[in-house]
Amino acid sequence: MSTVIVTGAAKGIGAAIAEAFARAGWSLVAVDRDAARLRAAASHWGQPVATLVGDVADRATNDAAVKMAIDRFGGLDAAVGNAGVVLAKLIDGSTSEEFDRIFSINVKALMYLAQAAHKALAKSEGSLTVIASKAGLVAQRNSPLYVATKGAAVQLARALALDWAHEGIRVNAVCPGIVDTPMLQEFFDAMPDPDASRRETEVAQPLGRLATPAEIASVVLFLATPAAAFITGVALPVDGGFTAE
Ligand SMILES: NC(=O)c1ccc[n+]([C@@H]2O[C@H](COP(=O)([O-])OP(=O)(O)OC[C@H]3O[C@@H](n4cnc5c(N)ncnc54)[C@H](O)[C@@H]3O)[C@@H](O)[C@H]2O)c1
């Protein structure tokens with residue numbers, strides 16, 4: 001049986017990714033800082049699940065996740081760095097503390113996960129997938145620091161794909177468009193008229209609607225399977241055509 005680590009697995013895209021892997025028969029190490037939601041989500045997955053409550057911006061959380069995969073399930077075949085936060089603020093109002101927080105969670109945590117998982121993924125010839133964003137490929141308004149973190153996540157994935165190719169480890173970035181999750185609602189709620197922002201966002205998508213978390217999760221699962229054995233170093237938009245324009 002294969003084993004995957006999913007960070008930010010308590011809700012939204014991460015919960016859908018964990019569910020997709022569970023349905024495909026994988027064992028899971030599910031990481032989130034929200035203990036109650038993580039346990040509630042994990043109770044629906046119906047596969048061997050080890051839950052780990054912690055902050056991915058701490059190195060120790062990532063080390064513990066990999067140790068858990070090895071101790072409980074005998075190894076690690078895939079890691080998915082999904083946990084992330086948004087900051088809907090213009091640059092003039094953004095503080096150093098906000099910069100440090102968003103870069104710690106959206107970028108530094110990926111370094112910690114990659115470092116923790118490297119040896120185990122080399123052994124399994126496994127894969128690392130980071131959940132970036134279409135905002136890592138094209139810019140968007142009103143969240144410059146968020147956009148900068150996602151650009152960094154995309155380039156980190158591409159660079160690791162090159163550095164680790166000779167070990168048989170594949171590394172990719174998935175770049176979702178607008179996905180209907182609690183994080184997105186948080187983003188809309190920060191706008192002057194949340195309902196109008198949601199409607200405007202929906203009609204601005206080429207497919208005319210938002211993505212579901214499951215539509216992102218199925219792609220993440222695919223990238224971890226032998227069906228994607230020759231895919232590495234890609235930043236794959238799953239955005240309903242948004243970046244085609
Ligand atoms: N929702 C979208 O439209 C969208 C679009 C593109 C990319 N993304 C990216 O997808 C990922 C998931 O987004 P989402 O919309 O599902 O978010 P969400 O807020 O709905 O869920 C994020 C999960 O990550 C956890 N988390 C956040 N910071 C953490 C930390 N420091 N340590 C441990 N757990 C932490 C939260 O507790 C939560 O369970 C993020 O990286 C986000 O940037 C989302």
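**View 1. Ile-70 sits in helix H3, which spans residues 59-73.** Helices here are DSSP runs of H or I with at least four residues, numbered from the N terminus. This is a predicted model, in which local features need pLDDT of at least 70, side-chain atom pairs count only at pLDDT 80 or more, and totals for chains, interfaces and linings use all residues. Residues are numbered from 1 along each chain as its sequence is written. Is Ile-70 buried or exposed? Ile-70 counts as partly exposed because it has 15 C-beta neighbours inside 10 Å; 20 or more other C-beta atoms within 10 Å would make a residue buried, and 12 or fewer exposed, with C-beta atoms placed from the backbone.

**View 2. Here are the partners of Ile-70.** Leaving out residues up to four places away in sequence, Ile-70 touches Gly-75, Leu-76 and Ala-120; a contact means backbone-placed C-beta atoms within 7 Å. Gly-151 lies 81 residues from Ile-70 in sequence and 31 Å away in space, C-alpha to C-alpha.

**View 3. The largest nonpolar core has 77 residues.** Such a core joins buried Ala, Val, Leu, Ile, Met, Phe, Trp, Tyr and Cys residues through C-beta atoms within 7 Å. Ile-5, Val-6 and Ala-117 have the most contacts inside this core, and helix H4 (residues 96-124) gives the largest share, 12 residues. Beyond four places in sequence, Ile-5 touches residues including Val-29, Val-31, Leu-76 and Ala-117.

**View 4. Around the ligand there are 26 residues.** Each has its backbone-placed C-beta atom within 6 Å of the ligand. Gly-8, Gly-12, Gly-84, Thr-181 and Met-183 come nearest. Helix H1 (12-23) and helix H6 (182-189) are the elements that give two or more residues to this shell.

Conventions. Contact = placed C-beta atoms within 7 Å.
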